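This report describes the sheet, the nonpolar cores, the aromatic pairs and the cysteines of one protein model. The sequence and the structure are shown first.

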Amino acid sequence: MQRQESFQATETGRLYLVPTPIGNLDDMTFRAIKVLKEVNLICAEDTRHTRQLLNHFEITTKAISFHEHNTEQRLPELVARLKQGENLAQCSDAGMPSISDPGKELVAACVKEGIPVVPLPGANAALTALIASGLSPQPFYFYGFLERKHQQQVTELTALRNRGETMIFYEAPHRLAKTLTTMAEVFGEERQAVLARELTKRYEEFERGSLAELVAWAKEGVRGEFVVMVAGNDHPQEDEQRPSGTPLEQIQSAVDGGQSPNAAIKQVAKRLGLNRQDLYKQYHQL
Ligand code: SAM
């Protein structure tokens, strides 16, 4: 067991996790500004982006880049600075660090070294969207980004199909219509969902309806940033009749029930709209 007392005297420095606005500069908190002014160094996902924010709030602290492509390389230096007593702040381009953004490796490294990790509350797209969605706010299940390839999405969504919680996804606008179509295939066209677009910005809007309605809407062309929220499954008992689990689990369960692998692969491919050859290769680990 390890205990962190965030504000007790410590020989090391502290890592502050600082959320930044998701579209409205007024959502920057007083504490976030104070911490960014006081730390020795800011680790920013994109220094050019963060510099604009820092300039706006007259923050002159030095910022260095810290993102998924240089995390491994930066970690030893950052941990060493923290151990020497420097205070660091980490922030991403928008919202909470570590939430579908860089940060988790640095947090894990600090926890391992006994360096206090101090989270600041603030802007986050998922929770901001959820509270206005009209869907049940709890329990909820935050998923973040799905895989991009259709088949991998089907696998991920199939595993979520019977969940009763409201599900929250992030998605890029150019993939939205396709992803909603796959959701409608796997969850059913009638499943209720909400799209939160351009949160906190001038053209913020919410689209609420069935997945079929939202697919039709998105196919007309969309722009901006989106959070996709899908209602949990209200009828898992009906769906229990239908096989659940990932495609490979469904094949295995049919095979365990006496079906031949080839017949099971064919049936699952058809039911989920997947490529039979791909499933065959995955099942036989070719
Ligand atoms: N760390 C961020 C957070 O705490 O929400 C999320 C960063 S993730 C790389 C970016 C995704 O978050 C976008 O693709 C979109 O799905 C969602 N997002 C960010 N800002 C948004 C906004 N203003 N309105 C709607 N969705 C937003």
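In what follows, a residue is called buried when its relative accessible area is under 20%, exposed when it is over 50%, and partly exposed in between. The model is a predicted one.

**Aromatic pairs**

With a relative accessible area of 27%, W217 therefore counts as partly exposed. Its ring partner F226, in contrast, is buried, at 5% relative accessibility. A pair of aromatic rings is described by the distance of the centres and the angle of the planes. Five aromatic pairs are counted in the model. Two of them are set out below.

| Pair | Centre to centre | Angle between planes | Arrangement |
|---|---|---|---|
| F145 and Y170 | 5.8 Å | 65 degrees | edge-to-face |
| W217 and F226 | 6.2 Å | 70 degrees | edge-to-face |

Both pairs are edge-to-face because that term applies to planes over 60 degrees apart. F145 belongs to strand 6 and Y170 to strand 7, so their pair ties together parts that lie 25 residues apart in sequence. Of these two residues, F145 is partly exposed, with a relative accessible area of 41%, whereas Y170 is buried, at 11%. In addition, Y141, Y143 and F169 make up one aromatic cluster.

**The five-stranded sheet**

Strands of a sheet pair through backbone hydrogen bonds, either parallel or antiparallel. In this model, five strands form an open sheet with mixed pairing, in the order 6-7-10-8-9. Its edges are strand 6 (140-145) and strand 9 (205-210), each of which pairs on one side only. From one strand to the next, the twist averages 20 degrees.

Strand 7 (residues 166-171) and strand 10 (residues 226-230) run antiparallel and are joined by five bridges. Within this pairing, I168 has M229 of strand 10 as its bridge partner. Two helices that pack on the sheet may be described next. Helix 6 (residues 150-160) touches strand 6 and strand 7, and its direction makes about 160 degrees with that of strand 7. Helix 7 (residues 176-187) touches strand 7, strand 8 (192-197) and strand 10; the angle between its direction and that of strand 10 is about 5 degrees.

**Nonpolar cores**

In soluble globular proteins, nonpolar side chains tend to be buried together. Which residues touch the most other members of the largest nonpolar core? They are F169, L180, M183 and F187, in a core of 33 residues. Helix 7 supplies the largest share of this core, with six residues. Leaving aside residues up to four places away in sequence, F169 touches Y143, G144, L146, L157, L160, M183, V227, V228 and V230. Another core, of 19 residues, lies apart from the largest one, and A32, I33, L54 and V118 are among its members.

**Cysteines**

How many disulfides does the structure hold? The count is zero. For C91, the nearest cysteine sulfur is that of C43, 8.3 Å away. A disulfide would require the two sulfur atoms to lie within 2.5 Å, so C91 and C43 do not form one. C110 is likewise in no disulfide, and its nearest cysteine sulfur, that of C43, is 9.2 Å away. Is C91 buried or exposed? C91 counts as buried, because its relative accessibility is 0%. C110 is also buried, with a relative accessible area of 0%.

How values were computed:
Residues numbered from 1 in each chain as written. Predicted model: local features only at pLDDT ≥ 70, side-chain atom pairs only at ≥ 80, totals over all residues. Heavy atoms only, no water. Buried < 20%, exposed > 50% of the residue type's maximum accessible area, 1.4 Å probe, protein only. Pairing = 2+ DSSP bridges. Helix = DSSP H or I, 4+ residues; strand = E, 2+ residues; numbered from the N terminus. Axes fitted to C-alpha atoms, helices over the stretch in contact; angles between N-to-C directions. Contact = heavy atoms within 4.5 Å. Core = buried A, V, L, I, M, F, W, Y, C linked by side-chain atoms within 4.5 Å. Phe/Tyr/Trp six-rings, centres within 6.5 Å; stacked < 30°, edge-to-face > 60°.
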